[in-house]
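Dear colleague,

I am passing on the structure below, together with some notes on what turned up in it. Please read the notes with the sequence and the structure open beside them.

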Amino acid sequence: MLGKGRSSVVALLVWLSLSTALRGQILAGTLRAYPLAAAPVACTASIQATLNEPGAKSDLPAKLRAAIARVERQRPASKRSTLLRSAIAALESRAGSSLEVRIRQSSQTPMWIAGRVLEPRASGHTAALRAQETARSFLRHNRELLGIEDPDAELVLEGDEQDLLGQRHLRFAQRYRGLTVWPSELVVRLDPEGNVVLVNGAYVRTPAKLEVQPAIPAEEAIAAARRTVPGGVPAPPAHLNSSCTRRSKVRRGWPGATNSGFRSSVSGG
């Protein structure tokens, strides 16, 4: 086993031995990095075999991609990843090839779903009610993709705004069995025609078998806290200081879009 210092020297020598073009491919993100020390034996053996092939250095990126792909094909897919692939395929069949989905790996939930028309505008109602029904319809149709078992009960509408471009932004907060899941928010954007074109935000999937009843009454919890900190000093009143700055910026693909920046701080005294 090489020490960290010696490993760094070896890595530097290997890097210097590569051609300029190959370094460029690596820096451009052509290769995917894997921690080999923590990799399964099949992974290291496959990559080592690839490196030992004749002419491996001249076509290293392609050969490593092939070796990693072989290992990934052998790895059993989790139930959630299989469900995600199926749900994304179902949405793509309705929304078309413009669909773009980005998954937050830590929670296995979508953080960005975009497309030309993700959900067509609902009929009837006033403009506000029609927008809400359209957004709700998307959430219901894609509950498996979102990982939300009952969107009508778990996602509560907290805001409905219309911007200068005529787009509506419906903001949903997450609840679970009457309790607020914080911090969480899911935003559904509708184009001026009333179609859902973007859904983004951060939240968690519906918990499984999570107990929401408190283990001890509130009075006992307060008493335990007071016993832990006897004779505590009352906290000074808090003051919320906030400032808001707004700047205009044209984003690629979203002409005229504006960004808002908010800064808040809480101080005592």
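**Arg 136 and its helix**

Arg 136 has its place in helix α6, and I should say at once that the model it belongs to is a predicted one. Although arginine is the residue at this position, Arg 136 counts as buried, because its relative accessible area is 16%, under the 20% cut-off used for that word. Leaving aside neighbours within four places in sequence, Arg 136 is in contact with Pro 151, Asp 152, Leu 155, Val 156, Leu 157 and Phe 172.

Helix α6 itself covers residues 127-141, and since each of its 15 residues should add 1.5 Å, a span of 21 Å is expected, which agrees with the 21 Å between its end C-alpha atoms. Besides Arg 136, the buried residues of α6 include Ala 131, Thr 134, Ala 135, Ser 137, Phe 138 and Leu 139.

**Phe 172 and the core**

Phe 172, one of the contacts of Arg 136, also touches Ala 135 and Leu 139, and its further contacts, again without neighbours within four places in sequence, include Leu 155, Val 156, Leu 157, Ser 184, Glu 185, Leu 186 and Val 188. The largest nonpolar core has 24 residues, and Phe 172 is among those with the most contacts inside it, along with Ile 113, Leu 118, Phe 138, Leu 139, Val 188 and Val 199. At least two residues of this core come from each of α5 (79-95), β2, α6, α7 (143-146), β4 (168-176), β6 and β7. In soluble globular proteins, nonpolar side chains tend to be buried together.

**The strands around β7**

Strand β7 (residues 196-202) pairs with strand β2 (residues 109-119) in the antiparallel sense over four bridges, and in one of these pairings Glu 119 has Val 196 of β7 as its bridge partner. Strand β6 (residues 185-190) also runs antiparallel to β7, to which six bridges join it, and here Leu 186 is partnered by Gly 201 of β7. β6 and β7 form a hairpin with five residues between them, and in the turn Gly 194 has a positive phi of about 95°.

**The chain as a whole**

The protein chain contains nine helices and nine strands, and 29% of its 269 residues count as buried. Among contacts with a separation of 6 or more, 45% are between residues 24 or more positions apart. The accessible surface of the chain comes to about 18,100 Å², and carbon and sulfur atoms account for 57% of that surface.

With best regards

Technical notes:
Residues numbered from 1 in each chain as written. Predicted model: local features only at pLDDT ≥ 70, side-chain atom pairs only at ≥ 80, totals over all residues. Heavy atoms only, no water. Expected span 1.5 Å × (residues − 1). Buried < 20%, exposed > 50% of the residue type's maximum accessible area, 1.4 Å probe, protein only. Pairing = 2+ DSSP bridges. Contact = heavy atoms within 4.5 Å. Core = buried A, V, L, I, M, F, W, Y, C linked by side-chain atoms within 4.5 Å. Areas by Shrake-Rupley, 256 points an atom, 1.4 Å probe, with all protein chains shown as cover.
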